[in-house]
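Q: Please take a close look at a single part of this model, the metal site, and describe how it is built.

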Amino acid sequence: MRVRVTEKDALIVVDMQNDFMPGGALPVPEGDSIVPRLNEYIELFEGRALPVFFTRDWHPENHISFKGHGGIWPPHCVQNTEGAMFHKDMRMPLDNKFIISKGTSPDFDAYSGFQGTVLDSLLRERGVTRVFVGGVATDYCVKNTVLGALNLGYSVILLLDGIKGVDVKPGDSERAIELMLDRGAVGIEITDIT
Ligand code: VGL
Ligand code: ZN
């Protein structure tokens with residue numbers, strides 16, 4: 001496959017935060033292994049002055065998704081804590097970079113970067129029609145962000161070499177990838193970009 005990055009593209013890096021990395025509160029196995037590859041994609045977009053969006057889980061202490069507050073997850077990505085910070089090696093462009101916080105109110109959860117955020121309006125304002133998506137977790141926030149983008153009418157390129165899943169049930173990530181492709185996302189690896 002050959003894919004060319006165009007003026008109407010944006011990159012969305014999903015939830016590359018310490019709590020989702022090995023040693024974190026809700027670790028994605030090998031979540032940190034995709035940092036170098038994601039940095040390559042970021043550099044590519046940065047080099048062409050194209051926007052890069054970083055989503056982050058940004059929960060209050062009493063968030064509804066936490067055990068003891070009605071949810072299934074251990075507390076994670078609590079606002080302003082070390083666990084909520086981006087992995088220290090993530091490349092952060094100085095220009096044309098946007099941080100999108102989600103799951104910020106106690107009573108609502110958001111697996112999609114579009115849910116309750118300004119992500120769609122920022123993309124639209126910039127004339128973006130296609131998004132490249134990578135990050136964690138394949139079977140939760142990546143999946144929901146990709147499906148959200150498709151529902152909103154964006155074309156979606158799924159970065160197969162820049163995603164990792166949690167696999168609460170074995171095979172969850174593989175099934176999530178199949179679902180995203182079934183819905184119209186196109187899966188690529190960095191060598192497909194020309
Ligand atoms: C996520 C579980 C809970 C994710 C966020 O970023 O995929 N997963 N909150
Ligand atoms: Zn969360």
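A: The following account concerns the zinc site. The model is predicted, so that local features need pLDDT of at least 70 and side-chain atom pairs count only at pLDDT 80 or more, while totals for chains, interfaces and linings use all residues. Residues are numbered from 1 along each chain as its sequence is written, chains are lettered from A and ligands numbered from 1 in the order in which they are written, and side-chain values use heavy atoms, without hydrogens and water.

The zinc ion (ligand 2) is held by Asp57 through OD, and by His59 and His76 through NE2, at 1.9 to 2.2 Å. Donors here are N, O and S atoms within 2.8 Å of the metal (3.2 Å for Na, K and Ca); water is not among the atoms, so sites may look incomplete. Along the sequence, the donor residues follow the spacing D-x1-H-x16-H. Both His59 and His76 lie in the loop between β2 (52-57) and β3 (97-102), so the pair ties together parts that are 17 residues apart in sequence. Strands (E, at least two residues) are DSSP runs, numbered from the N terminus.

The 4 donor atoms subtend angles of 86 to 171° at the zinc ion (ligand 2), which makes the arrangement irregular. Four donors count as tetrahedral if all angles lie between 85 and 135 degrees; four count as square planar and six as octahedral if opposite donors are over 155 degrees apart and all others between 65 and 115; anything else is irregular.

His59 is buried, at 1% relative accessible area, and His76 is likewise buried, at 2%. Buried means under 20% relative accessible area, exposed over 50%, and partly exposed in between (1.4 Å probe, protein chains only).

Notes. Helix = DSSP H or I, 4+ residues; strand = E, 2+ residues; numbered from the N terminus.
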